[in-house]
Amino acid sequence: MAMESFSAIECFIRSAEVGSFAEAARRLSLTPAAVGKHVAQLEARLGVRLFQRSTRKLTLTEAGQRFLGEVSDSFRTIQHAIANLASAEGQPAGLLRVSMGTVFGRLYVVPLLGEFLRQYPAITPDWHFDNRQVDLIGQGFDAAIGGGFDLPLGVVARKLTPAHRVLVAAPEYLLRHAPIDGPPSLQRHDGIFIRSPQTGRVRSWPLTSRWQDQQPLLMRQAMTMSDSDAACAVAQQGLGVALVSLPFAVPYLEAGRLQRVLPDWYVDDGHICLYYAGHKLLPGKTRAFIDFVAQQFAAQGLATRFDALQAT
């Protein structure tokens, strides 16, 4: 395959993914004119129109959709093969783009970076901290770490730990207020809830017990936060009972600044996972990162620390 054909196919695939020559150009570090020219040359060579062009958006023609379906997997295989061959002396190398939640990343992933770079010095981390779900393939990420992601086509998830939410409050709040001896007694308490950064909604969670009973979570919505760490900081001031992701609560619980409320009850929110493109020939840098993070999480016993029924 001539390199210009390779470039033209890359311009076509990226333009199809993002629906714009300008955005494809930005992600490929080219000019929009160069991307448009590459695609036009490809259309001329194939003798078909691949895109319907309008001032607002690029839309694939029927022939374009068929061509995309036929070439995208093969193109990624070639891309990954080139990336792996080009690795420094056979070692995983290159820019590693990873998206992760801001506080979760700082607490549990950033501390792994030193050891990771000692093992893989030719990898250059390019880490993005964002609490919203990213378009892994469309935005060009190698991997993402988070919980509760929708699983788009072509993306796979490797489970790391449970994603449990727990009720917490400051010790002085619990001393000052009516005792909480079961889910119904929560109705008399001020609740600090989390608003989803993705949807903007405050979800209505059922509580699950260690005996697998379920009860509605009924607390007065005194305030909402879009971040579990902020909710922990607010609860620490004695302002109410917070429902927070356990990984964020762990430092506060271990320091005694917060206590679990109803420790036999929790909210099951699935798993915290590593997300990456489900490709049989993953780039070496991505495979190295996925395996390293999974090994480190296992070595630190984080699956147990983040399990509401086993954690302190």
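A residue is called buried when its relative accessible area is under 20%, and by that criterion five of the five residues of strand β11 (residues 241–245) are buried in this predicted model, so the strand is largely enclosed by the rest of the structure. Two neighbouring strands are paired with β11. On the one hand, β6 and β11 run in the antiparallel sense and are joined over four bridges, with Ser-245 of β11 serving as the bridge partner of Arg-165. On the other hand, strand β7 (residues 190–194) pairs with β11 in the parallel sense, over two bridges, and here Gly-191 stands opposite Val-241 of β11.

Arg-165, the bridge partner of Ser-245, also takes part in a contact through its side chain, which meets that of Asp-269 in a salt bridge with an N to O distance of 3.3 Å. This pair links distant parts of the chain, since Asp-269 belongs to strand β13 and Arg-165 to strand β6, 104 residues apart. Asp-269 has a relative accessible area of 19% and is therefore buried, and Arg-165, at 13% relative accessibility, likewise counts as buried. In general, side chains of opposite charge can pair when their charged atoms come close.

A search of the whole structure finds 15 salt bridges. Another that involves β6 is formed by the side chains of Arg-158 and Asp-291, which meet at 3.0 Å, N to O; it connects strand β6 (residues 155–169), where Arg-158 lies, with helix α10 (residues 284–299), where Asp-291 lies, across a separation of 133 residues. Arg-158 is partly exposed, with a relative accessible area of 29%, and Asp-291 is also assigned to the partly exposed class, at 25% relative accessibility. The side chain of Asp-291 meets that of Arg-287 as well, in a salt bridge of 3.7 Å, N to O. In this case both residues lie in helix α10, four residues apart, or about one turn of the helix, and Arg-287 counts as partly exposed because its relative accessibility is 34%. Elsewhere, Glu-23, Arg-26 and Arg-27 are linked in a network of salt bridges.

Helix α10 is also prominent in the nonpolar interior. The largest nonpolar core has 48 residues, and those with the most contacts inside it are Phe-104, Ile-145, Val-168, Val-244, Phe-289 and Phe-297. The largest share of this core, seven residues, comes from α10. If neighbours within four places in sequence are left aside, Phe-289 is in contact with Leu-96, Val-98, Phe-116, Trp-127, Ala-143, Ile-145 and Leu-274. A second, separate core has 20 residues, including Ile-9, Phe-12, Ala-16 and Val-39. In soluble globular proteins, nonpolar side chains tend to be buried together.

Aromatic side chains appear in both of these settings, and the count of aromatic pairs in the model comes to twelve. A pair of aromatic rings is described by the distance of the centres and the angle of the planes. For Phe-12, a member of the second core, the partner is Phe-51, and the arrangement is tilted, with 5.5 Å from centre to centre and 55° between the planes. Phe-12 in helix α1 (residues 3–18) and Phe-51 in strand β1 (residues 51–53) are 39 residues apart, so that the pair links distant parts of the chain. At 0% relative accessibility Phe-12 counts as buried, and Phe-51 counts as buried at 1%. Phe-289, named above for its contacts in the largest core, is joined by ring pairs to a cluster with Phe-116, Tyr-120, Trp-127 and Phe-292. A charged side chain is also placed against a ring, as Arg-97 lies over the face of Phe-141, at 4.5 Å from the ring centre.

Two loop residues, finally, have backbone angles that deserve mention. Gln-212, in the loop between β8 (206–209) and β9 (214–216), has a positive phi of about 65° although it is not a glycine. Leu-262, in the loop between β12 (259–261) and β13 (265–277), has a positive phi of about 50° and is not a glycine either. The surroundings of these residues can be stated in opposite terms, for Gln-212 counts as exposed at 54% relative accessibility, whereas Leu-262 counts as buried at 10%.

Terms used: Residues are numbered from 1 along each chain as its sequence is written. This is a predicted model: local features need pLDDT of at least 70, side-chain atom pairs count only at pLDDT 80 or more; totals for chains, interfaces and linings use all residues. Side-chain values use heavy atoms; hydrogens and water are left out. Buried means under 20% relative accessible area, exposed over 50%, partly exposed in between (1.4 Å probe, protein chains only). A salt bridge is a side-chain nitrogen of Lys or Arg within 4 Å of a carboxyl oxygen of Asp or Glu. Rings of Phe, Tyr and Trp (its six-membered ring) pair if their centres lie within 6.5 Å; planes under 30 degrees apart count as stacked, over 60 as edge-to-face and the rest as tilted. A charge sits over a ring if NZ of Lys or CZ of Arg is within 6 Å of the ring centre and within 35 degrees of the ring normal. A nonpolar core is a set of buried Ala, Val, Leu, Ile, Met, Phe, Trp, Tyr and Cys residues joined through side-chain atoms within 4.5 Å. Contact means heavy atoms within 4.5 Å. Two strands pair if DSSP finds at least two bridges between them.
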